[in-house]
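Let's take a walk through this one together. Have the structure open and turn it as you read.

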Amino acid sequence: MQFDFQLDFLQAKAPPLIGVDISSSSVKMVELADAGKGQYRLEHYAIEPLPRDAVTDGNIANLDAVGDSVRRAWKHTGSRVKNAAVALPAAAVITKKIVVPAGLREEELEMQVETEANQYIPFSLDEVNLDFQIIGPAPGDGSEVELLIAASRKEKVEDRVAAVEAAGMKAVVMDVETYATQTAADLIIRHLPNAGRDRTVAIVDIGSTMMHINVLLNEQSVYMREQTFGGNQLTMEIQRRYSLSAEEAEIAKRSGDLPENYADEVLQPFMETLGLEVARAMQFFFSSTQYNRVDHILLAGGCAGIPGLEGAVGGRTQIDTRLANPFQGMVMGSKLKNRQLESDAPSLLIACGLAMRRFDPT
Ligand SMILES: Nc1ncnc2c1ncn2[C@@H]1O[C@H](COP(=O)(O)OP(=O)(O)OP(=O)(O)O)[C@@H](O)[C@H]1O
Ligand SMILES: [Mg+2]
């Protein structure tokens, strides 16, 4: 078996790079730079729509279409940076913590990882990309260390690498979407009361097809869940009601250019359903963990662009609800349009978390 470190999330890489999020509705890119004094500067970003079914359930179904969107997004940013950090959906990655003796040499570590991986990965190791990272000392007398192993089927990694290569870019970092979200969320949590310390914060990302919930406490994830619910439901209702094509409905939804009864008869019921879904998700969290409160909800994903959604979710859940804007407090590049960015920001969490990989300590 050959070890290659394609899946080396959390390992240091040479700057600069662009975060490239390939999601089901679009390709999103973010490029950050160091603005000094511990601040980031948002240099560029772009959101380029994908044709329906080009990416389904996190799988690239139409490589050409995805490659084209990556190329257009890249062009749109105007950036000359070629290196990309991309991510796999959590469902495509198996991770496991193991404990090994401290002080092993690299080859010995690889042997251990391979042996362990053989036991729990349900397919041949020839078909997977395997990676590992030392987390730190294991509890006890210091004679052991904790190791995080990550494995993903090769084709999942290769598809993403191929999609960015088709656009003329180069994948240099392969991360996991949930980790990237968390990285970006930490930026936002810092701005919460008490700098977010000891606060339970639920990141609720509502995209086109999925709702991802990740509850964080002191930079650790304490709960993760996803369910099928997303903005496509609203788009489909708009299509049905007003006899529009999917593309027309999508444009009308974002511009709000729809008949008068839209707000009351279509949008309002959708927002109510969404609020209920979030409230139910919080109940699930309480009933399946030791926790019994959430201090803040941060709304992410494209649906967070619906005006007034914080109010709807806050009202239903009785939890302080805000929009997740990872760029809050960052220096803005000169060419960015602030108004547009404000509504785009919550859907750029993953791309932003990936862009931050540029600043990994070496
Ligand atoms: N300003 C807006 N107002 C309302 N809905 C919006 C707005 N902007 C985007 N959306 C909706 O958000 C959804 C896309 O969100 P996002 O980009 O987070 O999804 P995704 O990450 O591609 O999907 P998924 O996470 O399900 O794979 C679409 O349904 C789109 O219509
Ligand atoms: Mg998404």
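What follows goes from the overall layout to a sheet, its helices and two unusual loop residues.

Keep in mind from the start that this is a predicted model. The chain splits into three parts: domain 1 (1-92 + 155-191 + 328-362), domain 2 (93-154) and domain 3 (192-325). Notice that domain 1 is written as three separate stretches of the chain. If you look from domain 1 over to domain 2, their C-alpha centres are 26 Å apart.

Now find the sheet built from five strands. Going across, the order is 13-12-11-14-15; the sheet is open, and its pairing is mixed. Strand 13 and strand 15 (320-323) sit at the edges with a single partner strand each, so each has one side with no neighbour in the sheet. On average, and ignoring direction, neighbouring strands here are turned by 20 degrees against each other. Zoom in on strand 11 (200-206) and strand 14 (residues 296-300): these two run parallel and are joined over five bridges. Along that pairing, you'll find D205 opposite A300 of strand 14.

Which helix lies across strand 11, strand 12, strand 13 and strand 14? That's helix 4, and it runs at about 55 degrees to strand 12.

Helix 7 is worth a visit too. It covers residues 262-288, which makes 27 residues, and spans 38 Å from first C-alpha to last, close to the 39 Å expected at 1.5 Å a residue. Still, helix 7 has a kink of about 30 degrees at Q268, shortly before the proline P269. Its buried residues are L267, M271, L274, V278, A281, M282 and F285. And what do the buried residues of helix 7 pack against? Their partners are strand 11, strand 12 (210-217), strand 13 (220-228) and helix 8 (309-317), and the three strands named there belong to the five-strand sheet you just traced.

Finally, let's stop at two loop residues. D57 is not a glycine, yet it has a positive phi of about 50 degrees. You'll spot D57 in the loop between strand 4 (55-56) and strand 5 (59-60). Is D57 buried or exposed? It counts as exposed, because it has 11 C-beta neighbours inside 10 Å, and the cut-off for exposed is 12 or fewer.

A195 is another residue other than glycine with a positive phi, near 55 degrees. Its loop lies between helix 4 (177-189) and strand 11, two elements you have already met. A195 has 10 C-beta neighbours inside 10 Å, so it counts as exposed.

Notes: Residues numbered from 1 in each chain as written. Chains lettered and ligands numbered in written order. Predicted model: local features only at pLDDT ≥ 70, side-chain atom pairs only at ≥ 80, totals over all residues. Domains from an automatic or database assignment. Helix = DSSP H or I, 4+ residues; strand = E, 2+ residues; numbered from the N terminus. Expected span 1.5 Å × (residues − 1). Bend = angle between axes of the 7 residues up to and from the residue. Buried ≥ 20, exposed ≤ 12 C-beta atoms within 10 Å, placed from the backbone. Contact = placed C-beta atoms within 7 Å. Pairing = 2+ DSSP bridges. Axes fitted to C-alpha atoms, helices over the stretch in contact; angles between N-to-C directions.
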